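Open the model in your viewer and keep the sequence panel beside it. The tour goes from the whole chain to single side chains, one selection at a time.

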Amino acid sequence: MLNLERLRTLDALARHGSVSGAAEGLHVTTSAVSQQMAKLEREVGQQLLAKNGRGVRLTDAGRLLADHAARILSQVELAQSDLEAQRGQVVGELRLAAFPTAVRGLFPAVFRTLTSHHPALRVRSRELEPELAIHAVVRGDVDLAVVLDWYNKPLPVPEGLARASILDDPVEVALPEEHPLAGRDEIDLEELADEAWVAWPEGEFCHEWLLYTLRANGIEPHIAHRAGEHHTQLALVEAGLGVCIAPRLGRDPMPAGVRTVPVRHRVHRTVYAVWRADADRRPSIRAAVEALRAAGGACGE
């Protein structure tokens, strides 16, 4: 009889590609991963791991069993979801992830709601950029992630995930208060062609969106500064070091020396939740989506 926890360890190794990655994903030590794999190899009577430089790789038998393990664990999750749905109680542990402004703008209200209405539910959260959050859901490292689509550049979402819209987040341009355009009712992106920009770190989804959008408007942007947090970006704008994109979600309080101006051709991003479709019936997932939508609705008021 194959041990479910050892299959879970093998699945984590296959998904993360290393013992340390599997240990981090499972929240155990690397020695615990190695011990579980040694026991699993004795159970099946075959070598599942082989040395690969300083790390390890799955053998043919390891890959074969890992494929079965992924399907078995998916069926176990379906069974757990069905049992939770049949019982109708919001209990157990729920692991959430979101990009930084969603953590700031949504999670405090969401956690207050879940704690108040469902005291038997244990909620854990982490901050992840949208693409990393999607991968974490697919790998099973988190149960639900809050991610985003830009109006002109959707985030790739793999098959097997369910999704629910949370809110539509308007986006404006943040300018130093003394900027000649700071008093305008609206602005065209083309008017910012010669500006220095404060942007997200290179390689992030939002950074790639900014380059894509400005270039689509005939602007080759001069990126003067990069910062992951919107409030850091706004502080740099206040110091007169450039302009930046300023979504409304999670941006308050605004620095005193910054003014925001809407873009004439509306710029916005859609914030939504994703989770594995095989967990769709879990009451805890439904409760989290409901709380997220309530928090999103409050942000738009």
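Two residues are in contact when heavy atoms of theirs lie within 4.5 Å. Among contacts in this protein between residues at least 6 apart in sequence, 74% join residues at least 24 apart. Keep in mind throughout that the model is predicted.

**Stop 1: the whole chain**

Show everything as a cartoon. There are ten helices and ten strands in the protein. The C-alpha trace spans about 75 × 50 × 30 Å along its principal axes. Colour the residues by accessibility: 47% of the 301 residues count as buried.

**Stop 2: residues 2–59**

Select residues 2–59. An unreviewed UniProt entry annotates this span as "domain: HTH lysR-type". Helix makes up 62% of the span and strand 14%. The C-alpha atoms at its two ends are 18 Å apart.

Within the span, select helix 1, residues 4–16. Show the side chains of Glu 5 and Arg 8, which form a salt bridge with an N to O distance of 3.4 Å. Why are Glu 5 and Arg 8 separated by about one helical turn? The reason is that they stand three residues apart in helix 1. Both are partly exposed: the relative accessible area is 42% for Glu 5 and 27% for Arg 8.

**Stop 3: the open sheet**

Now select strands 4, 3, 5, 10, 6 and 9. In that order, these six strands form an open sheet with mixed pairing. Which strands stand at the edges? They are strand 4 (121–127) and strand 9; each has a single partner strand, so one side of each has no neighbour in the sheet. From one strand to the next, the twist averages 30°. Strands of a sheet pair through backbone hydrogen bonds, either parallel or antiparallel. Both kinds of pairing can be found here, as the next selections show.

For the parallel sense, select strand 3 (residues 92–98) and strand 5, which pair over three bridges. Ala 98 stands opposite Val 146 of strand 5.

For the antiparallel sense, select strand 6 (residues 161–176) and strand 9, which are joined by four bridges. Val 171 has Pro 247 in strand 9 as its bridge partner.

Stay on strand 9, residues 244–247, and show its side chains. In a regular strand the side chains alternate between the two faces of the sheet. In strand 9, Cys 244 and Ala 246 point one way, while Ile 245 and Pro 247 point the other way. Are these four residues buried or exposed? All of them are buried.

**Stop 4: helices against the sheet**

Add helix 6, residues 107–117, which lies across strand 3, strand 4 and strand 5. Helix 6 runs at about 170° to strand 4. Then add helix 7, residues 130–139, which packs on the sheet and touches strand 5, strand 6 and strand 10. The direction of helix 7 makes about 140° with that of strand 5.

**Stop 5: Asp 149**

Zoom in on Asp 149 in strand 5, which covers residues 144–150. Why does Asp 149 count as buried? Its relative accessibility is 12%, and buried means under 20%. The Asp 149 side chain reaches the backbone nitrogen of Leu 155 at 2.6 Å. Leaving aside residues up to four places away in sequence, Asp 149 touches Pro 154, Leu 155, Arg 163, Arg 269, Thr 270 and Tyr 272.

**Stop 6: more salt bridges**

How many salt bridges does the structure hold? There are 21, and the Glu 5 and Arg 8 pair seen earlier is a salt bridge too.

Select Arg 259 and Glu 177, whose side chains meet in a salt bridge at 3.1 Å, N to O. Arg 259 lies in strand 10 (residues 258–276) and Glu 177 in the loop between strand 6 and strand 7 (196–199), so this pair ties together parts 82 residues apart in sequence. Arg 259 is partly exposed at 34% relative accessible area, and Glu 177 is partly exposed at 42%.

Next select Arg 184 and Glu 191, a salt bridge with an N to O distance of 3.0 Å. Arg 184 is partly exposed at 30%, as is Glu 191 at 33%.

End with Arg 95, Asp 143, Arg 276, Asp 278 and Arg 282: salt bridges with shared partners join them into one network.

Definitions and conventions. Residues numbered from 1 in each chain as written. Predicted model: local features only at pLDDT ≥ 70, side-chain atom pairs only at ≥ 80, totals over all residues. Heavy atoms only, no water. Buried < 20%, exposed > 50% of the residue type's maximum accessible area, 1.4 Å probe, protein only. Pairing = 2+ DSSP bridges. UniProt positions renumbered as here; feature names shortened; annotations may be inferred. Polar contact = N/O pair within 3.5 Å; in protein donor to acceptor, adjacent residues only side chain to side chain. Salt bridge = Lys/Arg side-chain N within 4 Å of Asp/Glu carboxyl O. Axes fitted to C-alpha atoms, helices over the stretch in contact; angles between N-to-C directions.
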